[in-house]
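Reader: I'm new to this structure and would like a close look at one part of it. Could you pick a helix, check it carefully, and then walk me outward from there?

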Amino acid sequence: DVYKRQAYTYPGSGPTVVGDHIQVAKFLASPTLVQRRVNELANQRYISDVLLTGRVSGVSGGAVQYDVDEDNYTVREPEAISPGGEYPLTPISDVAPAVAKIQKFGQDTILTDEKIKRSGMNEAERGFNKLVNSNVRKVDSIGLSLIGSVVSATHAAAAAWTGTNVNPLRDILLAKAKVTALDKGYDPNVIVANDEVFALLASDQQLAAFYAREDRTNPAYTGSFPIVAGMRVLPTNHLPAGVEALIVDTNFLGGMAFEDLGGGYQGSAATGVETKSIRVDLTDEWRLRARRPLTHYVTDPGAAIKLTGITA
């Protein structure tokens, strides 16, 4: 699971001698190595990429057009047809397509020759992390806010999980049942929760009673909680205010669109972050840039539901 929290290590190939000014400069001068390092960090953190699995690449004109979910049924009911009888016609409602505008989310960080000389690769690592953290926070916050605004279905927990004699598994299954009951083929496969809800769920004693005995992959040992009721649990602190947890069918909810703007960048916004390292001799520094030209869109709001009253 790429979202399992873990220590990040720099790849073994390439110029990675710490503290050597020449080696760090060679690294920064290699667009491929810079892009690989930034994507190594970024690809393990985006939650919106998991929830919105539809992909539209090569967008032109700065916007993408998409269809929003409508009623899955025809206007008229099917009828019994006698032998040799004619099949009745039924109209199918049309929904005007929606449009989402591409936005370019990017940022630079500066590495002066003095910082490189005195701190070596450590300073470059700090720059990478700042770029990645800022981009993930921005992109995920926008994507999750969009989901939170268009998903109207809710299910209230029977009791706050902070108390005693609570049953989180039943709350989750009942919320999931509301989504599957729409009879649109939705089958939620992911739970997204803020860090507090994740902690309450992972430490719940009733849920722990269902774990297999002598199983050291459960949260008590690993600190992660990959599967509950057939759904992956992903923690994030980028959910919008008032949303504690979302239950989502990622196969239907929506997607992301990306535009190739060119400009000599390494990587692809569809798979991570586009990067460029720029030498500025006028000021004796390197500018490291990371960007993602993209937009989020939701086609099936019914494929998700908000679980409320968890910490109230």
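Author: Let's start with helix α6, residues 168–180, in what is a predicted model. Does its length fit what a helix should have? What to compare is simple: at 1.5 Å a residue, its 13 residues should span 18 Å, and the end C-alpha atoms are 19 Å apart, which agrees.

Now, which residues of α6 are buried? They are Pro168, Leu169, Asp171, Ile172, Ala175, Lys176 and Val179. These buried residues cover an arc of only 165 degrees around the axis, so they sit on the same side of α6. The spacing makes sense, because an α-helix has 3.6 residues a turn and residues three or four places apart point the same way.

With that helix in mind, here is the wider setting. The chain has 9 helices and 13 strands, and 44% of its 312 residues count as buried. Sequence distance is no guide to who meets whom: among contacts between residues at least 6 apart in sequence, 80% join residues at least 24 apart.

The strands are a good place to go next. Six of them make an open sheet in the order β5-β13-β9-β6-β8-β7, with mixed pairing. At its edges stand β5 (154–156) and β7 (227–228); each has a single partner strand, so one side of each is left without a neighbour in the sheet. For β5, strand β13 (residues 304–308) pairs with it in the parallel sense over 3 bridges, and threonine 154 stands opposite lysine 306 there. On β13 there is also pairing with β9, this time antiparallel and over 4 bridges, with isoleucine 247 opposite isoleucine 305. Is β13 enclosed or open? Since 4 of its 5 residues are buried, β13 is largely enclosed by the rest of the structure.

Have a look at strand β3 (residues 98–101) too, where the side chains alternate. Ala98 and Ala100 point to one face and are buried, while Val99 and Lys101 point to the other and are not. Strand β2 (residues 63–66) pairs with β3 in the antiparallel sense over 4 bridges, and glutamine 65 stands opposite valine 99.

Back in the sheet, follow the chain out of β8 (231–235) and you enter the loop that leads to β9 (245–248), where threonine 236 has its place. Buried or exposed, this threonine 236? Buried: its relative accessibility is 4%, and the cut-off for buried is under 20%. Leaving aside residues up to four places away in sequence, threonine 236 touches Ile47, Leu144, Val192, Ala193, Asn194 and Asp195. A polar atom of its side chain also lies 3.1 Å from the backbone nitrogen of histidine 238.

That leaves the charged side chains. Side chains of opposite charge can pair when their charged atoms come close. How many salt bridges are there? The count comes to 9, and a few are worth visiting.

One of them joins arginine 287 and aspartate 108, whose closest N and O atoms are 2.9 Å apart. This pair links distant parts of the chain, with arginine 287 in strand β12 (residues 285–298) and aspartate 108 in strand β4 (residues 103–112), 179 residues apart. Both partners count as partly exposed: arginine 287 has 27% relative accessibility, and aspartate 108 has 25%.

Another joins aspartate 113 and arginine 279, where the closest N and O atoms are 2.8 Å apart. Because aspartate 113 lies in helix α4 (residues 113–119) and arginine 279 in strand β11 (residues 274–280), the pair ties together parts that are 166 residues apart in sequence. Aspartate 113 counts as buried at 15% relative accessibility, whereas arginine 279 is partly exposed at 32%.

Arginine 279 has a salt bridge with aspartate 281 as well, and there the closest N and O atoms are 2.8 Å apart. Aspartate 281 is exposed, with a relative accessible area of 56%. So arginine 279 bridges to a buried aspartate 113 and to an exposed aspartate 281. Finally, Asp49, Arg55 and Arg292 are linked in a network of salt bridges.

Note on methods
Residues numbered from 1 in each chain as written. Predicted model: local features only at pLDDT ≥ 70, side-chain atom pairs only at ≥ 80, totals over all residues. Heavy atoms only, no water. Helix = DSSP H or I, 4+ residues; strand = E, 2+ residues; numbered from the N terminus. Expected span 1.5 Å × (residues − 1). Buried < 20%, exposed > 50% of the residue type's maximum accessible area, 1.4 Å probe, protein only. Arc of directions from axis to C-beta. Polar contact = N/O pair within 3.5 Å; in protein donor to acceptor, adjacent residues only side chain to side chain. Contact = heavy atoms within 4.5 Å. Salt bridge = Lys/Arg side-chain N within 4 Å of Asp/Glu carboxyl O. Pairing = 2+ DSSP bridges.
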